[in-house]
Amino acid sequence: MSNPCIICVAITGSLPRKENNPAVPITIEEQIESTQAAFEAGASIAHCHVRNEDQTPTSDPETFARLLEGLRKHCPGMIVQLSTGGRSGAERERGGMLPLKPDMASLSVGSNNFPTRVYENSPDLVDWLASEMLTYDIKPEIEAFDLSHIHQAVNLMKQGKIQAPLYVQFVMGVKNAMPADKPTFDFYIETLERLAPGSQWCGAGVGANQLVLNEWSIAAGGHTRTGLEDNVRWDKESLAPSNAALVERVAALCEKYKRPVATWQQAREILGLKAV
């Protein structure tokens, strides 16, 4: 294979804390430093959450603005993707940072179960978030926790609420949601290619499934996500030393499957994002 593989690094998320792994970046300064190292290791997308001083998640636009400014300065050209996930705020608060005009933002298009709660994404909220992304020329990354989410993303595209081509992330391994199951993964790819030809996709695994999804995705010709948000461990015996180390592990898998790691310029071209 010769098609470049885009590596997305999810640097901190909403849940991991210093007590889970001291390498988890919490402050804006820590996140910028960690992202810069991951960028230099080969990541071309940074998936970003922000935290309060007590490590709890927030959707505060001013905090996102500080992070965005720092990443644009220290990681020039890197695609910055802000999270509109439900652990950081309620309803439209989740999209309060979209006027900052990041390159991308995550978009969950349906509800599903999480380990201890329902991850609720009502149709009205999904429509509003999608409309805000259109308004501010932000490319959504569709978070597919379930097969129905792929179908819903295609429906939104056909209605003009999401611009083509789609970029869909298959999230597998979340407890009570879709497990990391290879036949299901293969069917996701077939379904997306059948319903929305020309779409791009990314595989993301949670916990020990991270490395599994990395390898499946690279071998199948797609893109992939790594980072301390989804997995704080290196293996059963040790913690992951950094986001950069996880990116380097994915880059080694790309070499194994003869997939070049996409540069930020190539990633922007593949995803149809403006050059900088």
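Visitor: Which elements make a right-handed β-α-β unit here?

Guide: In this predicted model, the unit consists of strand 1, helix 1 (residues 28-41) and strand 2, and its hand is right-handed. Strand 1 covers residues 7-10 and pairs with strand 2 in the parallel sense, over three bridges. To find the register, take Cys8: its bridge partner in strand 2 is Ile45.

Visitor: How many bridges join strand 2 and strand 5?

Guide: Four bridges, again in the parallel sense, with strand 5 running over residues 79-82. Two positions fix the register. Ile45 stands opposite Ile79 in strand 5, and Cys48 has Leu82 as its bridge partner there.

Visitor: Are the two faces of strand 2 buried or exposed?

Guide: Read the side chains by alternate positions. Ile45 and His47 lie on one side of strand 2 (residues 45-48), Ala46 and Cys48 on the other, and all of them are buried. Both faces of the strand are therefore covered, given that buried means under 20% relative accessible area.

Visitor: What sheet do these strands belong to?

Guide: A closed barrel of eight strands, in the order 1-2-5-6-9-10-11-12, with parallel pairing. Neighbouring strands of this sheet are turned against each other by 25 degrees on average, direction ignored.

Visitor: Which helices pack on the sheet by strand 11?

Guide: Helix 5 (residues 182-195) is one of them, touching strand 10 (167-172) and strand 11 (200-205). The direction of helix 5 makes about 165 degrees with that of strand 10. Helix 6 (residues 209-219) also packs on the sheet, where it touches strand 10, strand 11 and strand 12 (223-226). For helix 6, the angle with the direction of strand 12 is about 165 degrees.

Visitor: Back to helix 1. What span does it reach, and what span is expected?

Guide: Set the distance from the first C-alpha to the last against the rise per residue. With 14 residues, helix 1 reaches 20 Å, close to the 20 Å expected at 1.5 Å a residue. Just after the helix, Gly42 takes a positive phi of about 130 degrees.

Visitor: Which residues of helix 1 are buried, and what covers them?

Guide: The buried residues are Ile28, Gln31, Ile32, Ser34, Thr35, Ala38, Phe39 and Ala41. Their cover includes strand 1, strand 2 and strand 3 (50-51), together with helix 2 (61-74), helix 7 (243-256) and helix 8 (264-271).

Visitor: How does helix 3 read by these steps?

Guide: Helix 3 (residues 123-135) has 13 residues and reaches 18 Å, close to the 18 Å expected at 1.5 Å a residue. Its buried residues are Leu125, Val126, Trp128, Leu129, Ala130, Glu132 and Met133. Among the elements covering them are strand 6 (104-108), strand 9 (139-144) and helix 4 (147-158). Just after helix 3, Asp137 takes a positive phi, of about 55 degrees.

Visitor: How many disulfides does the model hold?

Guide: Zero. The test is whether two cysteine sulfur atoms lie within 2.5 Å of each other.

Visitor: Why do Cys5 and Cys75 have no bond?

Guide: For Cys5, the closest cysteine sulfur is that of Cys254, and the 3.9 Å between the two sulfurs is too far for a bond. For Cys75, the closest is in Cys48, at 9.1 Å, which is also too far.

Visitor: Are these two cysteines buried or exposed?

Guide: Cys5 counts as buried because its relative accessibility is 0%. Cys75 is buried too, with a relative accessible area of 2%.

Terms used: Residues numbered from 1 in each chain as written. Predicted model: local features only at pLDDT ≥ 70, side-chain atom pairs only at ≥ 80, totals over all residues. Heavy atoms only, no water. Buried < 20%, exposed > 50% of the residue type's maximum accessible area, 1.4 Å probe, protein only. Pairing = 2+ DSSP bridges. Right-handed = clockwise from strand over helix to strand, strands pointing away. Expected span 1.5 Å × (residues − 1). Contact = heavy atoms within 4.5 Å. Axes fitted to C-alpha atoms, helices over the stretch in contact; angles between N-to-C directions.
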